[in-house]
Amino acid sequence: MGRKTFMTINIENKTNNSKINKIKKILIKLIKKTLKNYKQKFYEINLIFIDDNKIKKINKKYLYKNSATDVISFSYKDISGIRFADIFISVDTASKNAKTYEIYFETEIIILTIHGILHAIGFTDTTKDERIKMSKETLKILKGENLWKK
């Protein structure tokens, strides 16, 4: 018999924004859906919510950009090929984005989470065409989801 595979999804909120805690189940569901849709497997995914100051430090240290951003995604394999991902989302930038796009903060967090997962599985958004493709893929994941059932 083959070894049973499982995945751990850790969500860590390092901010004082309590709205994150209220949508954790939705985020986990959409992470799993995204991975299933693209037939991707990870051993562990860490979704970490931080502020602009912390994401700016990560952006500068690893991506050599001296600015805050909304999401940074790292995907890597260990020596045996097991995949891991660390996805950092700035709640400060997410809040600014939500105001700019006139959407709920929670909706922006969901979009950024899917965006980060897409990066972890190999999507890039350095060109306009890649950004359009990622936006379309995000909408495909969200299609049919009733995210705020009562």
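Q: Before we start, what counts as a helix or a strand here?
A: Helices (H or I, at least four residues) and strands (E, at least two) are DSSP runs, numbered from the N terminus. Keep in mind that this is a predicted model.

Q: OK. Where is K14, then?
A: K14 lies in the loop between β1 and α1 (19–22).

Q: Is K14 buried, partly exposed or exposed?
A: K14 is partly exposed, because its relative accessibility is 45%.

Q: What does K14 touch, beyond residues up to four places away in sequence?
A: K14 touches I48, F49, I50 and K54.

Q: How far apart are the C-alpha atoms of K14 and K54?
A: They are separated by 9.9 Å. Along the chain, K14 and K54 are 40 residues apart.

Q: Now N13. Which strand is it in?
A: N13 belongs to strand β1, which covers residues 8–13.

Q: Why does N13 count as buried?
A: Its relative accessibility is 18%. Buried means under 20%, so N13 makes the cut.

Q: What polar partners does the side chain of N13 have?
A: One is the side chain of T15, in a polar contact of 2.6 Å. The N13 side chain also reaches the backbone oxygen of N17, at 2.8 Å.

Q: And what does N13 contact outside its neighbours within four places in sequence?
A: I20, N21 and F49.

Q: Zoom out. In what order do the strands of the sheet run?
A: The order is β1-β2-β4-β3. These four strands form an open sheet, and the pairing is mixed.

Q: Which strands stand at the edges?
A: β1 and β3. Each has a single partner strand, so one side of each lacks a neighbour in the sheet.

Q: How much are neighbouring strands turned against each other?
A: On average by 10°, with direction ignored.

Q: Which helix packs on the sheet and touches β1 and β2?
A: That is helix α2, residues 24–37. Its direction makes about 140° with that of β1. Helix α3 (residues 52–63) packs on the sheet as well, touching β2, β3 and β4. The direction of α3 makes about 50° with that of β3.

Q: Back to pairing. How do strands of a sheet pair?
A: Through backbone hydrogen bonds, either parallel or antiparallel.

Q: How many bridges join β2 to β4, and which way do they run?
A: Seven bridges join β2 (residues 44–50) to β4, and the two strands run parallel. For example, I45 has A85 of β4 as its bridge partner.

Q: And β3 with β4? How many bridges there?
A: Seven bridges join β3 (residues 71–77) to β4, but this pair runs antiparallel. I72 is bridged to F88 of β4, and S75 is bridged to A85.

Q: What sits between β3 and β4?
A: Five residues, so to speak the turn of a hairpin. G81 in that turn has a positive phi of about 90°.

Q: Why is β4 largely enclosed?
A: Because eight of its eight residues, 83–90, are buried.

Q: Which way do the β4 residues point?
A: R83, A85, I87 and I89 point one way. F84, D86, F88 and S90 point the other way. That fits a general pattern: in a regular strand, side chains alternate between the two faces of the sheet.

Q: What about the core? How many residues does the largest nonpolar one have?
A: It has 32 residues. Those with the most contacts inside it are L27, I45, L47, F49, I89, I109 and I110.

Q: Which element gives the most to this core?
A: α5, with eight residues.

Q: What does a second, separate core include?
A: It has six residues, among them I50, I55, I58 and I72.

Q: Last topic: helices. How do α5 and α6 cross?
A: Their axes come within 10 Å and cross at roughly 115°. The crossing is right-handed. On the α5 side the contact includes I110, I111 and I114, and on the α6 side M134 and E137.

Q: And at what angle do α2 and α5 cross?
A: At roughly 35°, with the axes coming within 10 Å. This crossing is right-handed. Residues making the contact include I26 and L27 of α2, plus I109 and I110 of α5.

Terms used:
Residues numbered from 1 in each chain as written. Predicted model: local features only at pLDDT ≥ 70, side-chain atom pairs only at ≥ 80, totals over all residues. Heavy atoms only, no water. Buried < 20%, exposed > 50% of the residue type's maximum accessible area, 1.4 Å probe, protein only. Pairing = 2+ DSSP bridges. Polar contact = N/O pair within 3.5 Å; in protein donor to acceptor, adjacent residues only side chain to side chain. Contact = heavy atoms within 4.5 Å. Axes fitted to C-alpha atoms, helices over the stretch in contact; angles between N-to-C directions. Core = buried A, V, L, I, M, F, W, Y, C linked by side-chain atoms within 4.5 Å. Left-handed = near helix turned anticlockwise from the far one by under 90°.
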